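Let's walk through this one together, from the symmetry of the assembly down to the build of a single chain. Have the viewer ready.

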There are 2 protein chains.
Amino acid sequence: MLVCPLMPSSDFSIGVDLGGTNLRIAAVDATGNLLEKITLGTQVSKGRDYVVNEMCEAIESLTSRYQKKSTLCGVGIGIPGIIDKRTDMLRESPNLPGWHDYPVREEISRRLGTEVILENDANAAAFGEAWLGAGKGCDDMCMITLGTGVGGGIVMGGRIWHGMRGMAGELGHMNIDPEGHPCGCGSRGCIEQYASATAIVRMTRELIATGKAPQLARAAHDNLEFGAKVVYQMAVQGDAPAQEIYRTVGWALGIHIADLVNIFNFPIYVVGGGVASGWDAFAPALFDELRVRSFVYAATAPGDAERAPGKSTIVTHALLGGDAGLYGAARLPMLMSEIEKHVVARR
Amino acid sequence: MLVCPLMPSSDFSIGVDLGGTNLRIAAVDATGNLLEKITLGTQVSKGRDYVVNEMCEAIESLTSRYQKKSTLCGVGIGIPGIIDKRTDMLRESPNLPGWHDYPVREEISRRLGTEVILENDANAAAFGEAWLGAGKGCDDMCMITLGTGVGGGIVMGGRIWHGMRGMAGELGHMNIDPEGHPCGCGSRGCIEQYASATAIVRMTRELIATGKAPQLARAAHDNLEFGAKVVYQMAVQGDAPAQEIYRTVGWALGIHIADLVNIFNFPIYVVGGGVASGWDAFAPALFDELRVRSFVYAATAPGDAERAPGKSTIVTHALLGGDAGLYGAARLPMLMSEIEKHVVARR
C-alpha cells in the first residue's frame with residue numbers, strides 16, 4: 001500500500017455507499033478512523049435528483065463539521081453498476097433506474113465544489129478490505145462480494161484494476177457450469193447462480209419442490225423474511241437439506257476461487273458480502289474443491305511451511321462487514337491526493 | 001510498452017526456447033529483428049547436463065559472432081514448467097525430467113558470464129506476441145497457448161504478471177465443466193481437456209468409438225501421424241464429425257475467454273500454439289459463446305462503434321507462430337537492461 005508521509009493523519013475524506021436500499025455517508029480520517037457515519041434510506045422511487053440532493057446535503061453537513069480542524073481530500077462514491085471510466089457515466093445499474101448515462105460525478109463535483117471519484121461498489125469494497133480489512137498490508141488481492149448478486153474487485157499494486165473501460169472484475173459472471181441455471185447477464189451457470197443470496201433462495205425452493213426438505217418447506221411457508229440467512233441458521237442447527245444447499249455454495253466458490261488462484265497467484269482472496277456470514281457452513285466444501293481444483297493452491301496452501309515459508313495463499317472471509325465499501329470509497333480521494341502530493345514533492 | 005531511447009538498436013540479446021522436442025536459440029536485436037536462429041533437437045534422454053551444454057555452446061557461438069559490432073544485453077530462456085520466481089528453480093516440468101529443483105539460471109549464468117532470465121514458455125510466448133505480434137502496442141493482454149497442453153501468459157503494464165511466486169497465468173486449468181474429463185492437474189473439465197491437441201485427439205477417438213465418425217476412423221487407422229492437424233484438415237474438407245470436434249474446441253474457448261474478458265477487460269486476447277492454426281474451424285463457435293457469455297464483450301465488441309469508439313475488445317489468433325516464445329525470451333533481458341539504464345539516467 002502506498003504510504004505517504006506528506007498527508008497529515010488529521011486530513012479526512014467522505015466515503016459514500018449508494019446502495020439500492022441504504023444510502024450511507026461517512027467521514028473517515030487518513031488513518032482509517034471513522035469520524036462519523038450517516039445512514040439514510042435510499043429513496044430511489046423519489047427519483048435521482050432527490051437522492052443526489054440527500055447525498056449532497058449529508059456530505060455538506062459532515063464536511064462543515066470536520067473541515068474546521070482538518071482538510072477534506074475529496075469524496076468517493078461507491079455505486080452498484082458499471083461505471084465507464086472514460087466518460088465517468090453509469091453504464092448499467094439495475095437498482096438505480098434513471099441514473100443511466102447521467103453525469104453523476106460531474107454533477108456532484110460541481111455542486112460540492114470538491115474532487116469526486118466514482119467507483120463500482122464491489123471494487124470499493126475490495127479496496128476497503130485491502131486497506132483496513134482482511135487484505136491489510138497486501139498490495140495484490142481480490143474480493144468476491146456475495147450479496148443479492150455476486151460482485152468482484154481486483155486490487156493490484158495497491159490500486160483497483162479497472163481494465164480498458166472500467167469493466168474489469170466482473171467475477172460474479174465467471175463460469176461454473178456451462179449448462180447451469182440461466183443468468184441475468186445472458187450466460188448460464190455463472191457463480192452468481194450458486195453463491196448469491198438470490199441463488200440460495202432459488203436452490204432452496206427447488207429442493208423444497210422435490211419434497212426432500214420438509215423443515216425448509218415449513219420455514220419458507222411461515223416466514224415472510226425467508227432468505228439465505230434462515231437457510232444458514234437451519235444449516236447450523238443441523239438440518240441436512242439446508243446443509244446441502246450451503247455445500248453447493250461452497251462447491252461453486254471452490255471452483256471459482258481455484259480459477260482465480262490459477263490466474264493471479266495472489267497472496268489473498270477475500271469472500272465478503274452478506275452471504276459470507278455463512279462462512280462456516282460453506283467453507284469446508286470450498287476448501288475441499290480448492291485443494292483438488294487448483295494445483296497452484298495445493299502448492300502454496302498455508303501449513304506447507306517447507307515449500308512456502310511466509311508465502312502461502314490465503315482464502316478468507318472479509319473483516320469489515322457492510323462498511324468495506326464505505327471505507328474503500330473514502331480511501332479513493334486520499335490515494336489520489338497522496339499521489340498528487342508525491343508528484344509535487346518530487347519536482 | 002516501455003520505450004527507451006537510451007538503448008541502441010544495434011544491441012542484441014539471446015532468446016532460448018527450450019521445448020521437449022526442439023531447442024532453439026536466437027540472436028534478436030533491440031528492434032525485434034532476428035539476426036540468426038539455431039534449431040537443435042532437445043536430446044532430453046541424454047540428460048540435463050548434455051542439454052545445458054548444447055544450449056551454452058550455441059549461445060556462445062551466436063554471442064561471439066554478434067558481439068563484435070554490438071553489445072549483448074543478456075540471455076532469456078523460455079522453459080516448459082513452473083519457475084519459482086523466489087528461488088529461480090524449476091518446480092514442475094513434465095517434459096524435462098531431472099531438471100526439478102536444479103538451479104538452471106545460476107548454472108547457465110555462471111558458465112556464460114552474463115545475465116540470464118528464466119521464464120515459463122507460455123509467458124515468454126505471450127510476451128513475444130505483446131512485443132511484436134498480435135498484441136503489438138498493447139500494454140495489457142493475455143495469450144492462451146494451445147499445444148500438447150494449454151498454457152497462458154498475462155501481460156499487464158507491459159510486464160509479465162507473475163503473481164506471488166511466479167505461478168500466475170495457469171490459464172490452461174481454468175474450469176469449463178466441473179464434471180468434465182479428468183485433468184492431469186488433479187481437477188476435471190479444465191480448458192486443457194477441450195482445446196489442447198491432446199484433447200482433440202481424445203475427443204476424436206471417443207467419437208470414433210461411437211461409430212459416428214467413419215472417415216475419422218479410417219484416417220486414424222491409416223495414419224501414423226494422426227493428430228489434431230489431420231482432424232482440422234478433415235473439418236476444412238467438410239467432414240461433419242471433424243467439424244463437430246472443432247466446434248467443441250470453439251465452445252470451450254468461448255466460455256474460457258468470456259471469463260477472461262469479464263475479469264480483465266483487456267483490449268486484446270490472443271489464441272496461439274499449434275492448435276490455433278485451426279482458427280477458422282473453431283472461431284465461429286468461439287465467438288457465438290463469447291457474445292452470449294460475456295456482457296463485457298457484448299458491450300465492447302468491435303463494430304459497436306457508437307458505444308466503444310476505438311476501445312473495443314479484440315480476440316484474435318497469434319501472429320508469430322512457433323517463434324513467439326523465442327522473441328519473448330529475447331525481449332526479457334532487453335527490458336531489464338532498459339529499466340536499469342532508465343534508473344541510472346534519472347539519478
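Start with D177(A): of the residues of chain A, this one comes closest to the rotation axis, with its C-alpha at 2.8 Å. Keep in mind that you're looking at a predicted model.

So what does that axis do? Turn chain A by 180 degrees, with a shift of 0.0 Å along the axis, and chain A lands on chain B with an RMSD of 0.0 Å. The two copies are therefore related as by a two-fold rotation axis. The contact fits that picture, with the same surface serving both copies: 100% of the contact residues of chain A turn up again in chain B.

Now zoom in on chain A by itself. The domain assignment splits chain A into domain 1, made of 12-129 + 322-346, and domain 2, which covers 139-319. Note that domain 1 is written as two segments. Measure from one C-alpha centre to the other, and domain 1 of chain A and domain 2 of chain A come out 27 Å apart.

How many residues does each domain of chain A put into the contact between them? Domain 1 gives 14 residues and domain 2 gives 18. On the domain 1 side of chain A, the elements that supply two or more residues are β5 (82-84) and α3 (121-132). Of these, α3(A) has the largest share of that side, with 7 residues. As for chemistry, the side of domain 1 of chain A that touches domain 2 is a mix of 7 nonpolar, 6 charged and 1 polar residues.

Notes:
Residues are numbered from 1 along each chain as its sequence is written. Chains are lettered from A and ligands numbered from 1 in the order in which they are written. This is a predicted model: local features need pLDDT of at least 70, side-chain atom pairs count only at pLDDT 80 or more; totals for chains, interfaces and linings use all residues. Domain bounds come from an automatic or database domain assignment. Two residues are in contact if their C-beta atoms, placed from the backbone, lie within 7 Å. Helices (H or I, at least four residues) and strands (E, at least two) are DSSP runs, numbered from the N terminus. Ala, Val, Leu, Ile, Met, Phe, Trp, Tyr, Cys and Pro count as nonpolar, Asp, Glu, Lys and Arg as charged, and the others, Gly among them, as polar. Copies are superposed by least squares on the C-alpha atoms of residues with pLDDT of at least 70 in both.
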